[in-house]
Amino acid sequence: MALIPKENLDLNYLFHFYIQYGEMLAFEYCQGTKQQSYNSKLVKILPITLPPLPEQRAIARVLSTWDEGISKTQALITQKELRKKWLMQQLLTGKKRLKGFGGEWREVKFGTFLKESRITGNTGNLSKKITVKLYGKGVFAKDEKTIGSENTQYFIRKKGQLIYSKLDFLNGAFGIIPDELNNYESTLDLPCFDIEESKINKDFLLSFVAREDFYKKYDDGAIGGRKAKRIQVKEFLSIKPVIPSLTEQTAIAQVLQAADKEISLLKAKAEKLKEQKKGLMQVLLTGRVRMKG
C-alpha cells in the first residue's frame, strides 16, 4: 500500500524520520496489542514529529546529502575491493609483473618453508581459544558461551605463525596469528606453522593461500564427505606452489597491503559518515536543532 503525503508533509522527510524512529515507535505502539508487523497501516497511525513544510524539506536535503556521501563511498569501496581482487589474480600468479622484476618463478613445496608447530598446551576447559575466519578474514579469540571439554587437548600458538582450518580449507580459512593472540590455543583441527621468513614473505604467503584460485583447486584432494571435507597437514605441506624470489614476494605484498590500507580508510570514512548522519537525525528530527526553510 503506497503512502501519499499530504500538503503539509514532505515524503523525503517522512522517509528519514521512520528510518530513525519508526521501529522504536512501532515497538512501543505494539506492546499489549495483536499487531505483529511494522507495515504501511501501522505507519499511518504512528505519531511523527512534524516541523513546518519548508523546514522538513531543508532537513531532508541535509540528510540526503549524507546519504549520497555514504553511497558514493560504499561504491568506491566495492570498486577498490574488485581492483584488489584483480591485483591478487595477476600479481600472485605471475600474469602481471611489477616493474624491475624478471626471471622465472620456481616450484617449491610448502614444507620447504613451513613446519608444523605442536607445543602442548591446556585442555579444552582451561585453554584460551582462537578461531580463523573464512576467506582470509583473520584470526580472532573464540567467544565461547560454555566451558570446553577437559578431554580435548589444545596446542599453544605463537604470533606470526600461519594457521588454517582443516575443515574450512576449501573456504579460505587461513590467517597469521596476530601479536595480541600470542600463546592462545587451538586443537589440531586448526594446525599452525612456523614460517621460515628467509624463504617466504609471510604477507605474500597469506595472500597467496587465501585467494579462491588457490584453495578451490584442492577440492578433489580433500578427505571426508561433501559437508566435512578436510585438508590434512601432510597434504598441505606437499603442495608445490610456483612463487617468485623473496624480493619480488615482498614487493607484491607491499602493493596488496597498500590496497588493503586504502580500503580500510574508505570503510572508516563510510562509518564516520553514518555516525555523523545518525547524530544529525537525532537533533534535526526531534527539533533540538532547528533549520531555516
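User: In this predicted model, why is Phe-169 called buried?

Analyst: Phe-169 has a relative accessible area of 0%, and the word buried applies under 20%, so Phe-169 is called buried.

User: How do you know whether Phe-174 is buried or exposed?

Analyst: The reasoning is the same kind of step, because Phe-174 comes out at 0% relative accessibility, which is set against the limit of under 20% for buried and over 50% for exposed; Phe-174 therefore counts as buried.

User: What makes Phe-169 and Phe-174 an aromatic pair, and which kind of pair is it?

Analyst: Their ring centres are 5.1 Å apart, and rings pair if their centres lie within 6.5 Å, so the two rings qualify as a pair. The planes stand at 70° to each other, and angles over 60 degrees count as edge-to-face, so this is an edge-to-face pair.

User: Why is the pair of Phe-174 and Phe-236 called tilted?

Analyst: The distance of 6.2 Å from centre to centre is within the 6.5 Å that a pair requires, and the angle of 35° between the planes is neither under 30 degrees, which would be stacked, nor over 60, which would be edge-to-face; the pair is therefore tilted. This pair links distant parts of the chain, with Phe-174 in strand β8 and Phe-236 in helix α6 (residues 233-238), 62 residues apart. Both Phe-174 and Phe-236 are buried.

User: How many aromatic pairs does the structure hold, and which residues form one aromatic cluster?

Analyst: There are 17 aromatic pairs in the structure. One aromatic cluster brings together Phe-110, Phe-113, Tyr-164, Phe-169, Phe-174, Phe-193, Phe-204, Phe-208, Phe-214, Tyr-218 and Phe-236.

User: What makes β7 and β8 paired strands?

Analyst: Two strands pair if at least two bridges are found between them, and strand β7 (residues 162-164) is joined to β8 by 3 bridges, so the two count as paired, and they run antiparallel. One of the places to look is Tyr-164, whose bridge partner in β8 is Phe-174.

User: How do you know that β10 is paired with both β2 and β7?

Analyst: β2 and β10 pair in the antiparallel sense over 4 bridges, while β7 and β10, also antiparallel, are joined by 2 bridges; since at least two are needed, both connections meet the requirement. Phe-193 in β10 is the bridge partner of Glu-116, and Phe-193 is likewise the bridge partner of Leu-162.

User: What is the order of the strands in this open sheet of 4 strands, and why are β2 and β8 called edge strands?

Analyst: The order is β2-β10-β7-β8, with antiparallel pairing. β2 (114-117) and β8 (174-176) are the edge strands, as each pairs on one side only. From one strand to the next the twist averages 30°.

User: Which helix packs on the sheet, and which strands does that helix touch?

Analyst: Helix α4 (residues 202-209) packs on the sheet and touches β2, β7, β8 and β10 (192-195), and its direction makes about 165° with that of β8.

User: Why are β3 and β9 said to stand at the edges of the other sheet?

Analyst: This open sheet of 3 strands has the order β3-β6-β9, with antiparallel pairing. β3 and β9 each have a single partner strand, so one side of each is left without a neighbour in the sheet. Strand β3 (residues 119-123) pairs with strand β6 (residues 153-156) over 3 bridges, and Thr-123 stands opposite Gln-153 in β6. On the side of strand β9 (residues 185-186), 2 bridges join β6 to β9; there Phe-155 stands opposite Ser-186, and Ile-156 stands opposite Glu-185.

User: What makes Lys-129 a charge over the ring of Tyr-154?

Analyst: The charged end of Lys-129 is 5.2 Å from the centre of the Tyr-154 ring, and the distance part of the test asks for within 6 Å, alongside a condition of within 35 degrees of the ring normal; Lys-129 is found to sit over that ring. Arg-211 likewise lies over the face of Phe-208, at 4.4 Å from the ring centre.

User: How much of the chain as a whole is buried?

Analyst: Of the 293 residues in the chain, 38% are buried, and the chain has 7 helices and 11 strands.

How values were computed:
Residues numbered from 1 in each chain as written. Predicted model: local features only at pLDDT ≥ 70, side-chain atom pairs only at ≥ 80, totals over all residues. Heavy atoms only, no water. Buried < 20%, exposed > 50% of the residue type's maximum accessible area, 1.4 Å probe, protein only. Axes fitted to C-alpha atoms, helices over the stretch in contact; angles between N-to-C directions. Contact = heavy atoms within 4.5 Å. Phe/Tyr/Trp six-rings, centres within 6.5 Å; stacked < 30°, edge-to-face > 60°.
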